[in-house]
Amino acid sequence: MTGNKAGVLFTVALLAAAGCGDKAPAAPAPAAGGAAGKAPAAAPAAGGGGKYDAAKSTASVKFTVKWAGAKPAPVALAFSGDTFCTSAHTTPVMGERFVVNDDTTVPNAFVWAAKGAHERMTGFPAPAEFTLDQHGCMYVPHVFGVRVGQEFSIKNSDGTTHNVHAKPSLCEQFNTAQAKDAVNKHTFEKKEKAIPFNCDIHSWMSAYGFVLDHPFYGATAADGSVTISGLPAGDYTFKVWHESFTAGVKELAGEVKVTLKDGESVSKEVTLTEAK
Ligand SMILES: [Cu+2]
C-alpha cells in the first residue's frame with residue numbers, strides 16, 4: 001500500500017533524526033506485518049519473523065575461518081612516546097591484524113548471521129554487559145560485536161590517559177579522553193559494520209566493533225574458530241569479515257550458507273577472500 005509505505009519511510013526518517021549515542025535506546029522497530037495497536041500478522045513461513053523461543057532454538061554452528069594466501073609476516077606494534085605503554089610489555093607485541101596460525105586459521109575475524117530464520121524475529125534474550133577494555137595500551141578485545149541499543153562500557157585499566165575515537169558510519173563519531181580507571185558508556189542505535197576504534201594518543205591502538213540487531217555473531221578466537229548457538233532451525237547465510245593483512249586491501253570477506261535442523265550442531269570452514 002502506498003500510504004503504508006509513506007508511513008514507514010516517515011518513521012525511518014524520524015529514527016534517523018534521533019541519532020545515536022548517549023540517548024536512551026530507541027524502541028525496537030515493530031516486526032514486519034505487526035504494529036502497535038494492531039493484531040500482529042501470522043509469522044511468515046520463510047525468512048524469519050515471529051517471537052524467538054529459546055527452548056526451540058537449539059541449533060549451532062562452529063565456524064573455522066581460514067586464509068589460503070601467503071602467511072603475512074608478523075608486525076610488532078610500535079609502542080612509543082609513553083613510558084607507561086613502552087614498559088607495559090616485556091616482549092614485543094604482535095599486531096592482531098597480521099595473525100594467521102600455522103594451520104591457516106585466522107583469529108579476530110567477525111562472523112554473523114546475515115540472512116536466515118532470525119530475521120524480523122523479536123524477543124531475543126537481552127545481551128550481557130559488554131566492556132571494551134584498554135589494557136597494556138591495547139584494546140581488549142580487538143574485534144567485537146554489540147547489539148543495537150545495548151549499553152557497553154569502555155574502560156581504561158591503564159596508568160595513562162587514552163583517547164577513544166570511534167568512527168561509525170551511521171551514528172555520530174565520539175572522541176573521549178579517559179584518565180586511569182575511567183569508564184564511559186555508549187550505545188549504538190543502528191546496525192553498523194566494522195566501526196573503527198582508535199586512540200588519538202597511541203597510534204598503534206586499534207579495534208573494530210560491529211552492531212547487530214540479533215545475538216547471532218562472534219569473533220574468532222586464537223584458534224580461528226567461533227561457535228554461534230541458540231539458532232532457530234532454518235536456512236542461513238553467514239558472513240565473515242577481516243580487516244585484511246595487506247596494505248591497500250580494505251577488508252577480507254567470506255560467506256557460507258547452512259541449513260540447520262533443531263538440535264543440530266554443524267561445523268563449517270570459511271576461506272577469506274578480498275572483498276569486492
Ligand atoms: Cu591510548
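Where is the place of alanine 222, and between which strands does that loop lie? Keep the question in mind; the tour comes back to this residue.

**Whole protein**

Start with everything shown. The model is a predicted one. The protein has 276 residues, and 31% of them count as buried. Colour by secondary structure: two helices and 16 strands make up the picture. Now think about contacts with a separation of 6 or more. Residues 24 or more positions apart account for 66% of these in the protein.

**An open sheet**

Select β5, β11, β10, β7 and β8. These five strands form an open sheet, in just that order, and the pairing is mixed. The edges are β5 (143-147) and β8 (174-178), each of which pairs on one side only. Turn the view to follow the twist, which averages 25 degrees from one strand to the next.

**Strand β10 and its partners**

Zoom in on β10, residues 192-199, and β11, residues 206-212. They pair in the antiparallel sense over five bridges. Together they form a hairpin, with six residues between them. Two pairs are worth labelling here. Asparagine 198 has serine 206 in β11 as its bridge partner. Glutamate 192 stands opposite valine 211, also in β11.

Next, add β7, residues 162-166. Three bridges join β7 to β10, and the two run antiparallel. Pick out alanine 166: it stands opposite phenylalanine 197 in β10.

While side chains are on display, one general point helps. In a regular strand, side chains alternate between the two faces of the sheet.

**The nonpolar core**

Which residues touch the most other members of the largest nonpolar core? Select Ala109, Phe110, Val111, Trp112 and Val240; these are the ones, in a core of 51 residues.

Stay on tryptophan 112 and show what surrounds the residue. Leave out residues up to four places away in sequence. Tryptophan 112 then touches Gly145, Phe210, Leu212, Phe216, Tyr217, Phe238 and Lys239. Gly145 falls within the 143-147 stretch of edge strand β5. Phe210 and Leu212 belong to β11, which covers residues 206-212.

**Back to alanine 222**

Now the opening question. Alanine 222 sits in the loop between β12 (217-219) and β13 (225-231). Is alanine 222 buried or exposed? Alanine 222 counts as exposed, because the residue has 10 C-beta neighbours inside 10 Å. The cut-off for exposed is 12 or fewer.

For the last stop, add valine 100. Alanine 222 and valine 100 are 122 residues apart in sequence. In space, their C-alpha atoms are 9.4 Å apart.

Definitions and conventions: Residues numbered from 1 in each chain as written. Predicted model: local features only at pLDDT ≥ 70, side-chain atom pairs only at ≥ 80, totals over all residues. Helix = DSSP H or I, 4+ residues; strand = E, 2+ residues; numbered from the N terminus. Buried ≥ 20, exposed ≤ 12 C-beta atoms within 10 Å, placed from the backbone. Contact = placed C-beta atoms within 7 Å. Pairing = 2+ DSSP bridges. Axes fitted to C-alpha atoms, helices over the stretch in contact; angles between N-to-C directions. Core = buried A, V, L, I, M, F, W, Y, C linked by C-beta atoms within 7 Å.
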